Every structure is written in C-alpha cells, then in structure tokens.
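Please look through the sequence and the three-dimensional structure below, and keep both at hand while reading the explanation that follows.

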Amino acid sequence: MHATTSPVPGTRFGPEVCVLVPMYNEVTVVGSVIEELLQHFSHVVCVDDGSTDGSSAVARQAGARVLRHPVNLGAGAAMRTGFEYVLRDPRVQVAVTCDADGQHRVVDAVRLAQRALVGDVDVVLGSRFLADSNTSVPGARRLLLKAATVFTRLTTRLDITDTHNGLRAFGRRAVECTDVTLRGMAHASQVLAAIPEHGLSYVEEPVHIAYTEYSLGKGQRGLNAFNILCDLAVHQMRIAR
Amino acid sequence: MIIKVVLIAGIALAAALMMRGPAHRQLALRRMFGISIAAMGVAAVAWPDLTTRAANLVGVGRGTDLVLYLAVLAFSFLSMALYQRIARLESNITQLTRELALTTPPQQTTDTLATSGQVTRSA
C-alpha cells in the first residue's frame with residue numbers, strides 16, 4: 001500500500017507511523033531504547049508519566065518528542081495521552097506502542113508497523129507465546145500471564161495467546177475507538193476489550209521478549225494480577241450498568 | 001454529668017464547623033440536614049431514654065444498638081459519597097494533566113533531530 005512498507009532491514013518509517021513509548025522512571029534504559037527506535041522510525045513519541053529521575057531529559061536528548069504528565073497517573077493514562085496525541089496528528093496512520101524498559105526488539109516493532117500499514121487489520125498484537133517467538137518466559141511470570149490470558153479470553157472472547165504484551169500496532173480507526181479509561185495496568189485488557197466492542201479486526205505476530213534482570217524487577221509482581229482482576233471486574237460492572 | 005457536657009460541646013463544635021463549610025450546590029439543604037442531626041444528637045445525649053424508646057418503636061432492644069446501626073449506615077453512605085467524589089477529582093486531574101502534556105511545547109521537536117539521522121546522546 002505504501003512505498004515505505006517494503007520489508008527491508010534498513011527501512012525507516014516517516015511520520016505516518018508513530019511509536020508511542022509510555023515511560024515512568026526508566027532513566028537508565030530509555031535513552032538506548034529510543035535511539036534504537038529512531039534508526040527505523042522518525043516519529044517517536046515518549047509519554048513521560050511524571051518521572052522523577054530525569055527520564056524526560058534523557059528521552060528528549062535521545063531524540064524523542066516527549067509529552068510529560070506533570071504528575072504520575074498510571075500506565076493506562078500514559079497510553080491514552082499517546083493515543084490522543086496521535087488523533088491530533090492527521091499524518092499518523094499507524095500507532096505502535098512499545099515499552100520503555102528495553103524488553104522489546106525494534107525488528108519486531110518494524111514488522112508490526114509494516115503489518116499494520118498494509119491496512120487490512122485494525123490491530124496487530126505482539127505475542128511471546130506464538131511458536132516462532134523464541135522467548136523463554138520465566139516460570140512464575142508464565143503462570144501469571146497465562147492466567148491473565150485465560151481471564152481476558154473469557155471476558156473478551158478473543159482468540160489470542162498473549163494479552164499483556166506492550167508491543168502492539170494500531171491502525172488509526174483502532175486508535176479512534178479504543179477508549180482507555182483505566183489508569184493502572186488493567187488497561188492492557190481494556191484495550192483488547194475494545195476490539196470486539198467495535199468490531200475491529202486483529203492479528204497476532206510473534207515477538208521476542210528480552211527478560212533482563214531490569215525488566216523483571218520493574219515488571220508486574222504476582223500480587224498485582226489480583227489488582228488487575230479487581231479493576232477489570234469493577235469496569236465490567238460499570239459497563240453493565 | 002461531665003460526659004454530657006463534653007458530648008454536647010463536641011456536637012455544637014461540629015455543627016458550627018459545618019456551617020462554615022465550603023460552598024455547595026445544595027448548601028441550604030445541607031445546613032438544615034446538619035442542624036437537625038445535631039439537634040437529634042444533643043437530644044439523645046441529654047435524654048438517653050429517648051433513643052431506647054425510639055429503638056423499641058422500630059423493634060430494636062437498646063437505644064445504643066439503634067445508634068450503632070444508624071452510625072454504620074451513615075458511615076457507609078459517607079464513604080461511598082467520598083469515594084465517588086475522589087474518583088471524579090481523579091478523572092478531572094487526568095484530563096487536565098493530559099491536556100497539559102499535549103499542549104506544552106517541546107523544547108526540541110522530533111523533526112529537527114529525526115532528519116539529522118544518527119542521534120548522539122551526551123547524558
């Protein structure tokens with residue numbers, strides 16, 4: 001559909017693809033994450049969710065456009081701000097979300113962006129559990145993610161293998177109708193809930209996750225799964241009302 | 001009795017503070033409600049038999065029990081009202097923060113750095 005979508009390793013996307021990097025206190029890693037992204041994407045927007053460690057300055061120095069929340073609101077709110085930004089920039093056709101902690105590979109982001117630019121699906125979801133992903137997920141983490149996946153599959157009836165993967169690509173239509181209102185981590189499932197709700201089409205792509213000590217330390221603790229569950233249950237009740 | 005003095009003084013103080021409270025949509029209603037609650041409180045302290053008689057009327061054995069039940073109810077409603085109010089405030093803050101993040105001009109635009117190709121970091 002676009003000249004820029006040829007799957008050449010040296011591809012660099014123009015402003016039509018916007019990479020959104022929500023970030024909260026990631027000063028040690030976010031700089032290199034953004035530098036790597038900028039080699040393949042010219043339009044990298046970092047949403048700083050009220051970091052207090054100078055992440056904003058590092059991200060800006062690395063070359064990203066930084067949107068800064070003056071106070072910390074939560075991961076879902078940061079994502080929503082990114083979406084809102086995309087909706088105000090008419091050039092953007094595809095928004096790619098990518099975690100700031102370096103657990104995603106840029107090649108995967110490129111592949112997801114290319115897939116989304118084709119335009120036949122609204123949402124391209126990264127999955128670490130597809131056969132080609134090559135990711136060995138640590139035991140406890142695997143259990144937690146599997147439970148979250150079962151829960152989300154039940155509530156959204158989507159046929160997907162990995163519900164809490166930060167690497168995703170959204171076509172403009174998907175960005176328009178995805179309404180992220182939960183501020184915390186439950187937004188990952190809420191984004192998925194928008195898919196059946198608005199009749200969006202979706203496809204999963206295998207992505208590799210680098211489980212570094214850093215990303216494991218920052219990631220969701222087991223008890224947090226319970227919080228995610230509660231947030232979602234409350235949200236479901238609100239919808240039903 | 002000393003306790004009666006302490007309790008009635010407390011109720012009077014709380015009622016006085018409420019009178020000066022922040023502007024509210026239904027300020028008059030709120031004040032009337034507050035005054036009547038305070039009056040009932042004073043009456044209950046001054047004549048403890050009143051609560052027991054009221055309790056017997058509605059099928060509760062002791063006045064103290066009735067007061068406790070009503071207090072629990074009041075507390076629940078108050079908590080819910082406060083919870084909803086805080087949720088509304090949070091949502092307002094989120095919208096304000098988002099608007100601020102989106103409208104604050106960046107010190108450096110993406111375009112100038114992006115077109116210069118390789119980006120170096122000196123942090």
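In strand S4 of chain A, Thr97(A) stands opposite Leu20(A), and this is one point in a pairing between strand S1 (residues 17-23) and strand S4 (residues 94-97) of chain A, which run in the parallel sense and are joined by four bridges. Another point of the pairing is Cys18(A), whose bridge partner in S4(A) is Ala95(A). The model in which these pairs are found is a predicted one, and every value given here is computed from it.

S4(A) also has a partner in strand S6 (residues 168-171) of chain A, to which it is joined by four bridges, but here the two strands run antiparallel. In this second pairing Ala95(A) stands opposite Phe170(A). Both kinds of pairing rest on a general principle, namely that the strands of a sheet pair through backbone hydrogen bonds, either parallel or antiparallel.

Where do the residues of S4(A) point, one way or the other? Val94(A) and Val96(A) point one way from the strand, while Ala95(A) and Thr97(A) point the other way, and all of them are buried. This fits the rule that in a regular strand the side chains alternate between the two faces of the sheet.

Stepping back from these pairs, one finds an open sheet of seven strands in chain A, with the order S3-S2-S1-S4-S6-S5-S7 and mixed pairing. Strand S3 and strand S7 (202-206) of chain A stand at the edges, and because each has a single partner strand, one side of each is left without a neighbour in the sheet. From one strand to the next, the twist averages 20°.

Helix H3 (75-88) of chain A lies across S1, strand S2 (44-48), S3 and S4 of chain A, and it runs at about 155° to S1(A). The 14 residues of H3(A) should span 20 Å at 1.5 Å a residue, and the end C-alpha atoms are indeed 20 Å apart, which agrees. Eleven of the 14 residues are buried, so H3(A) is largely enclosed by the rest of the structure. Among these buried residues are Ala75(A), Met79(A), Arg80(A), Phe83(A) and Val86(A).

The largest nonpolar core has 59 residues, and those with the most contacts inside it are Val19(A), Val21(A), Ile34(A) and Val96(A). H3(A) gives the most to this core, with seven residues. In soluble globular proteins, nonpolar side chains tend to be buried together. Which residues does Val21(A) touch, leaving aside its neighbours within four places in sequence? Val21(A) is in contact with Val33(A), Ile34(A), Val44(A), Cys46(A), Ala64(A), Cys98(A) and Ala100(A).

In the loop between S1 and helix H1 (30-38) of chain A lies Asn25(A), which has a positive phi of about 50° although it is not a glycine. Asn25(A) is partly exposed, with 17 other C-beta atoms within 10 Å.

Taken as a whole, chain A has nine helices and seven strands, and 48% of its 241 residues count as buried. Among the contacts in chain A between residues at least 6 apart in sequence, 76% join residues at least 24 apart.

Chain B, by its own counts, has five helices and zero strands, and along the sequence it follows the pattern α-α-α-α-α. Buried residues make up 7% of its 123 residues, and of the contacts in chain B with a separation of 6 or more, 24% come from residues 24 or more positions apart.

Helix H1 (residues 2-19) and helix H2 (residues 27-46) of chain B have axes that come within 10 Å and cross at roughly 180°, which makes H1(B) roughly antiparallel to H2(B). Where these two helices meet, H1(B) contributes residues including Leu7(B), Ile8(B), Ile11(B) and Ala15(B), and H2(B) contributes residues including Gly34(B), Ile35(B), Ala38(B) and Val42(B).

Helix H4 (residues 63-103) of chain B has 41 residues, which should span 60 Å at 1.5 Å a residue, and its end C-alpha atoms are 60 Å apart, which agrees. In H4(B), Leu66(B), Thr94(B), Thr97(B), Arg98(B) and Ala101(B) are buried. What covers the buried residues of H4(B) includes parts of both chains, namely strand S3 (65-68) and helix H3 (75-88) of chain A together with helix H3 (49-57) of chain B.

Terms used. Residues are numbered from 1 along each chain as its sequence is written. Chains are lettered from A and ligands numbered from 1 in the order in which they are written. This is a predicted model: local features need pLDDT of at least 70, side-chain atom pairs count only at pLDDT 80 or more; totals for chains, interfaces and linings use all residues. The expected span of a helix is 1.5 Å times one less than its number of residues. A residue is buried if 20 or more other C-beta atoms lie within 10 Å of its own, exposed if 12 or fewer, and partly exposed in between; C-beta atoms are placed from the backbone. Two residues are in contact if their C-beta atoms, placed from the backbone, lie within 7 Å. A nonpolar core is a set of buried Ala, Val, Leu, Ile, Met, Phe, Trp, Tyr and Cys residues joined through C-beta atoms within 7 Å. Two strands pair if DSSP finds at least two bridges between them. Axes are lines fitted to C-alpha atoms, for helices over the stretch in contact, and angles run from 0 to 180 degrees between N-to-C directions. Angles under 35 degrees count as roughly parallel, over 145 as roughly antiparallel, 65 to 115 as roughly perpendicular and the rest as oblique.
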